[in-house]
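Here's a quick briefing to read with the structure open beside you. Have a look first, then go through the points by topic.

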Amino acid sequence: MSENTSTSTISADYAQRITDDLAANRSEQDRARAELTRLQDALVQLETGEQILVKMQEVLGGGSTKPAVRKSKDRKVAAVPAARSPKSRTASPKGGRKQKAQADQGAPADGGAATKGAGDPTWRELVTGYLTTQREPKSAAEVTSALTESHPQRKTQVAVVRNTLEQGVAHGLLERSKQGRSVYYSPVSATTSDA
């Protein structure tokens with residue numbers, strides 16, 4: 001009988017240790033996700049600042065060799081808006097998409113930026129603006145479909161919207177709630193006024 005008691009005690013100890021390790025693992029995952037979101041947001045801010053500085057330099061007529069290196073980095077960032085243009089996707093044959101996208105990357109420096117809507121709102125502005133008009137929390141898929149309908153000129157992807165929603169949560173603009181396996185987002189101001 002003492003063997004049975006010691007076996008159950010050992011099993012209980014292992015079960016408790018596994019539970020503690022699992023909780024520590026999950027909290028470390030949450031910490032890593034928060035750090036990743038913070039770093040992604042810092043990168044977006046730096047890239048935006050770089051774009052503004054490069055444009056200001058172009059307006060002022062600066063022509064040194066270092067900005068040329070920056071322009072090539074700026075073109076990597078500018079590739080995202082070029083992919084949003086529905087004209088660039090449909091105007092070229094399937095094999096020519098890459099060439100068309102590369103040609104569009106250089107276009108924003110001259111007149112192409114105006115046709116793509118250089119003053120268009122950012123994803124964060126679109127997402128938070130949409131959620132503030134809603135009475136109940138929305139999933140990333142619901143937000144994506146709503147933004148696709150209201151902004152057909154922009155290529156909307158669920159992953160981009162989800163990342164934007166998570167950045168909004170990290171900045172305290174949005175609130176995340178889970179219902180089962182589904183994640184829903186709502187603006188912080190709406191939830192605090194309800195509380």
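**The nonpolar core and what surrounds it**

The largest nonpolar core has 13 residues, and the members touching the most others are V127, Y130, L131, V143, L147, V161 and L165. Keep in mind that this is a predicted model.

**Core make-up**

- Three elements each give two or more residues to this core: α6 (123–132), α7 and α8.
- Helix α6 puts in the largest share, with 5 residues.
- Y130, one of those well-connected core members, is in contact with K138, E142, V143, A146 and L147 once you leave aside neighbours within four places in sequence.
- Of those partners of Y130, V143 and L147 are also listed among the core residues that touch the most other members.

**How α7 and α8 meet**

- Helix α7 covers residues 140–150 and helix α8 covers residues 158–170; their axes come within 9 Å and cross at roughly 115°.
- That crossing of α7 and α8 is right-handed.
- On the α7 side, the contact is made by A140, V143, T144 and L147, while α8 brings V158, V161, R162 and L165.
- Sorted by type, the residues of this α7–α8 contact come out as 6 nonpolar, 1 polar and 1 charged.
- There's overlap with the core here: V143, L147, V161 and L165 take part in the helix contact and also appear on the list of residues touching the most core members.

**Two spots to click on**

- D41 lies in helix α1, which runs over residues 2–60.
- Is D41 buried or exposed? D41 counts as buried, because its relative accessible area is 5% and the cut-off is under 20%.
- Not counting residues up to four places away in sequence, D41 touches R124, Q167 and H171.
- A170 is found in helix α8.
- With a relative accessible area of 49%, A170 is partly exposed, because exposed would need over 50%.
- How far apart are A170 and R38 in space, C-alpha to C-alpha? The distance is 7.0 Å, even though A170 and R38 are 132 residues apart in sequence.

**The chain as a whole**

- The protein chain has 9 helices and 2 strands.
- Going along the sequence, the pattern reads α-α-α-α-α-α-α-α-β-β-α.
- The chain has 195 residues, and 21% of them count as buried.
- Among contacts with a separation of 6 or more, 52% are between residues 24 or more positions apart.
- The accessible surface of the chain is about 13,800 Å², and 55% of that belongs to carbon and sulfur atoms.

Conventions. Residues are numbered from 1 along each chain as its sequence is written. This is a predicted model: local features need pLDDT of at least 70, side-chain atom pairs count only at pLDDT 80 or more; totals for chains, interfaces and linings use all residues. Side-chain values use heavy atoms; hydrogens and water are left out. Axes are lines fitted to C-alpha atoms, for helices over the stretch in contact, and angles run from 0 to 180 degrees between N-to-C directions. Helices (H or I, at least four residues) and strands (E, at least two) are DSSP runs, numbered from the N terminus. A crossing is left-handed if the near helix is turned anticlockwise from the far one by less than a right angle, and right-handed if clockwise. Contact means heavy atoms within 4.5 Å. Ala, Val, Leu, Ile, Met, Phe, Trp, Tyr, Cys and Pro count as nonpolar, Asp, Glu, Lys and Arg as charged, and the others, Gly among them, as polar. A nonpolar core is a set of buried Ala, Val, Leu, Ile, Met, Phe, Trp, Tyr and Cys residues joined through side-chain atoms within 4.5 Å. Buried means under 20% relative accessible area, exposed over 50%, partly exposed in between (1.4 Å probe, protein chains only). Accessible areas come from the Shrake-Rupley method with a 1.4 Å probe; for residues, only the protein chains shown count as cover.
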